[in-house]
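Trainee: I am new to this structure and should like to understand the terms used to describe it. May I put some questions to you?

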Amino acid sequence: MITLTGKRVFSGVAIGKISFYKRSEKVIKREHVEDIDAEFQRFIDAKDIAMEQLKGLYDKAMKDVGEANAAIFEVHQMMLEDLDYMESIENIIKSQKVNAEYAIATTADNFAEIFASMDDAYMQGRAADVKDVSERVLGILTGVEESVVQTDEPAIIAADDLAPSETVQLDKSKVLAFATMFGSSNSHTAILARTMNIPAIIGLGEELKPEYDGKLAIVDGFTGNIYIEPDAKTMDEMREKQRKDQEEKALLELLKGKENVTKSGQKINVYANIGNVSDLGAALKNDAGGIGLFRSEFLYLENDTFPTEEQQFSVYKQVAEGMAGKKVIIRTLDIGADKQVDYFNLDKEENPALGYRAIRICLTRPEIFRTQLRALYRAAVFGNISIMFPMIISVAEVRKIKEIIADVKEELKNEDIPYKEDVEIGIMIETPASVMVSRELAKEVDFFSVGTNDLTQYTLAIDRQNSKLDAFYDPHHPAVLSMIRMAAENAHAEGKWIGICGELGADLELTEEFLAMGLDELSVSPSMVLPLRKRIRDL
Ligand code: PEP
Ligand code: MG
């Protein structure tokens with residue numbers, strides 16, 4: 001038995017086989033070939049296999065997610081059969097006498113650059129597609145699979161770390177637990193584990209080896225231990241621990257339908273954070289009073305190109321209807337920093353967390369923002385939607401947003417498209433600047449929601465993604481708590497409500513202090529709704 005210890009992110013015990021997340025690493029070398037016709041044929045054969053795969057994917061996607069989302073696999077087939085694309089590969093192989101892999105990789109880079117430099121946003125988005133489809137052919141030629149989790153049965157997903165775009169691709173029904181070498185407790189792997197209510201351990205280091213793939217293991221999310229090939233005694237102990245945990249969770253079930261009220265009668269709303277429609281079930285199951293944060297950027301992360309207005313409208317409508325009149329706060333696109341999307345073609349930045357992200361993208365690329373706002377105002381007809389804007393630092397930004405909103409509403413009116421006129425709008429308080437001008441900001445909006453993950457990062461000048469700094473990343477730091485208090489005082493002075501939607505909202509050690517600050521709402525991972533309700537009722 002091998003025992004490794006990392007940092008626990010979410011409690012619970014999971015027993016199952018390890019499935020190591022395989023990230024494709026294709027090193028393409030330029031090699032000289034003699035038989036150039038045979039080499040070109042190698043490309044043609046691989047391309048034919050790729051075409052078959054794409055047809056299969058198209059059929060699967062048609063069944064699972066419908067025609068609009070399946071269309072991308074048709075586009076990929078067209079790209080592979082494109083004459084210019086094939087000619088470029090043939091020319092490189094035959095004129096330079098080089099291997100097919102090199103010719104494909106070079107062609108993919110050239111074509112991607114051409115697409116990326118076009119003015120049209122749709123065409124720019126094709127840069128990622130031509131790379132993607134070329135990767136597929138390269139994968140076939142080199143025998144290196146795509147990044148996937150290969151498991152038929154639910155498994156413990158092990159990885160070095162997972163990017164948000166990778167977590168969205170995971171088949172959630174196949175994930176028993178997460179165990180990663182690196183990552184920080186505020187990374188999106190950690191947030192996903194909390195949302196899915198499954199045990200997770202991060203920071204296990206390089207001792208967590210890919211060769212453990214397929215081995216039986218136990219993840220103890222209470223202690224941060226993972227036991228690989230556990231002995232009989234450990235297995236018995238862990239089974240008992242798992243049983244007790246399940247019993248406690250059953251006890252929490254009894255809190256469903258009860259109010260979030262302290263013994264002295266103070267009430268507070270407890271809402272849930274979600275990343276996509278499939279999390280809605282967890283929010284409802286855990287009896288959340290509403291959705292306090294819908295991270296709409298996951299819709300963009302899941303897509304190969306900009307989600308259309310119709311696609312967004314249908315998702316927002318589904319969430320609004322699913323919550324049946326309860327409040328649903330949808331945050332507009334918060335892309336950038338740790339959440340990268342290829343088709344946005346964002347430049348590499350020295351300091352991405354301080355860079356071109358969130359509202360800064362929306363205000364400078366209004367066509368993306370307007371599409372989302374149109375979808376939101378249309379979906380608001382079907383439920384109780386509020387809209388929230390991330391990474392705000394100034395009153396001027398909020399005024400600009402309001403101008404765009406007015407414009408979008410006017411446009412919908414002229415087009416005779418139904419929309420809701422009065423939608424509650426709020427901002428995230430996640431920069432020290434927004435705290436310092438919170439009195440002025442409160443005059444402009446209906447509510448605040450404190451994003452403590454970023455507020456802690458920016459207040460303490462500590463990268464939330466850097467696990468080396470975990471010891472310094474202290475969300476209990478008096479500076480962070482003073483920031484929250486100040487924002488609360490200023491919101492209330494202007495008669496506006498304020499909540500927390502960052503991870504700190506679920507920190508049961510601080511619940512009493514948050515109630516003392518007079519916060520009106522705490523929005524937490526679905527699995528934390530009932531433990532938080534218990535804590536509030538015990539106070
Ligand atoms: C936050 O910063 O606290 C927040 C809720 O947003 P995200 O974690 O998605 O950056
Ligand atoms: Mg944030």
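Trainee: Which element gives the most to the shell around ligand 1?

Mentor: In this predicted model, α17 gives the most, with three residues. Both β10 and α17 supply at least two residues each.

Trainee: What makes a residue part of that shell?

Mentor: A residue is counted because one of its heavy atoms lies within 4 Å of the molecule. Ligand 1 is surrounded by 15 residues, and the closest are R295, R331, G451, N453 and R464. By class, three are nonpolar, five polar and seven charged.

Trainee: Why is the pairing of R464 with ligand 1 called a polar contact?

Mentor: An N or O atom in the side chain of R464 is 2.8 Å from an oxygen atom of ligand 1. The limit for a pair of N or O atoms is 3.5 Å, so the pair qualifies as a polar contact. A polar side-chain atom of E430 lies 3.0 Å from an oxygen atom of the ligand, and for a polar backbone atom of T452 the distance is 3.1 Å. The protein covers 100% of the 290 Å² of accessible area that ligand 1 has on its own.

Trainee: Which cavity is the space taken by ligand 1?

Mentor: That space is the second largest cavity, with a volume of about 100 Å³. The search of the whole structure finds two cavities of 30 Å³ or more.

Trainee: What makes this space a cavity?

Mentor: The term applies because a 1.4 Å probe fits there but cannot get out. The lining of the second largest cavity consists of 16 residues, with R295, R331, N453, D454 and R464 nearest its centre.

Terms used
Residues are numbered from 1 along each chain as its sequence is written. Chains are lettered from A and ligands numbered from 1 in the order in which they are written. This is a predicted model: local features need pLDDT of at least 70, side-chain atom pairs count only at pLDDT 80 or more; totals for chains, interfaces and linings use all residues. Side-chain values use heavy atoms; hydrogens and water are left out. On a 1 Å grid over the protein atoms alone, a cavity is a set of points where a 1.4 Å probe fits but cannot get out, and a pocket is an open set with protein on both sides within 12 Å along at least five of seven lines; lining residues have an atom within 4 Å of a point. Grid points are joined across faces, edges and corners, and a volume is the space filled by probe spheres set on the points. A polar contact is a pair of N or O atoms within 3.5 Å; within protein, one must be able to donate a hydrogen and the other to accept it, and residues adjacent in sequence count only if both atoms are side-chain atoms. Accessible areas come from the Shrake-Rupley method with a 1.4 Å probe; for residues, only the protein chains shown count as cover. A molecule sits in a cavity or pocket if more than half of its atoms lie within 2 Å of its grid points. Helices (H or I, at least four residues) and strands (E, at least two) are DSSP runs, numbered from the N terminus. Ala, Val, Leu, Ile, Met, Phe, Trp, Tyr, Cys and Pro count as nonpolar, Asp, Glu, Lys and Arg as charged, and the others, Gly among them, as polar.
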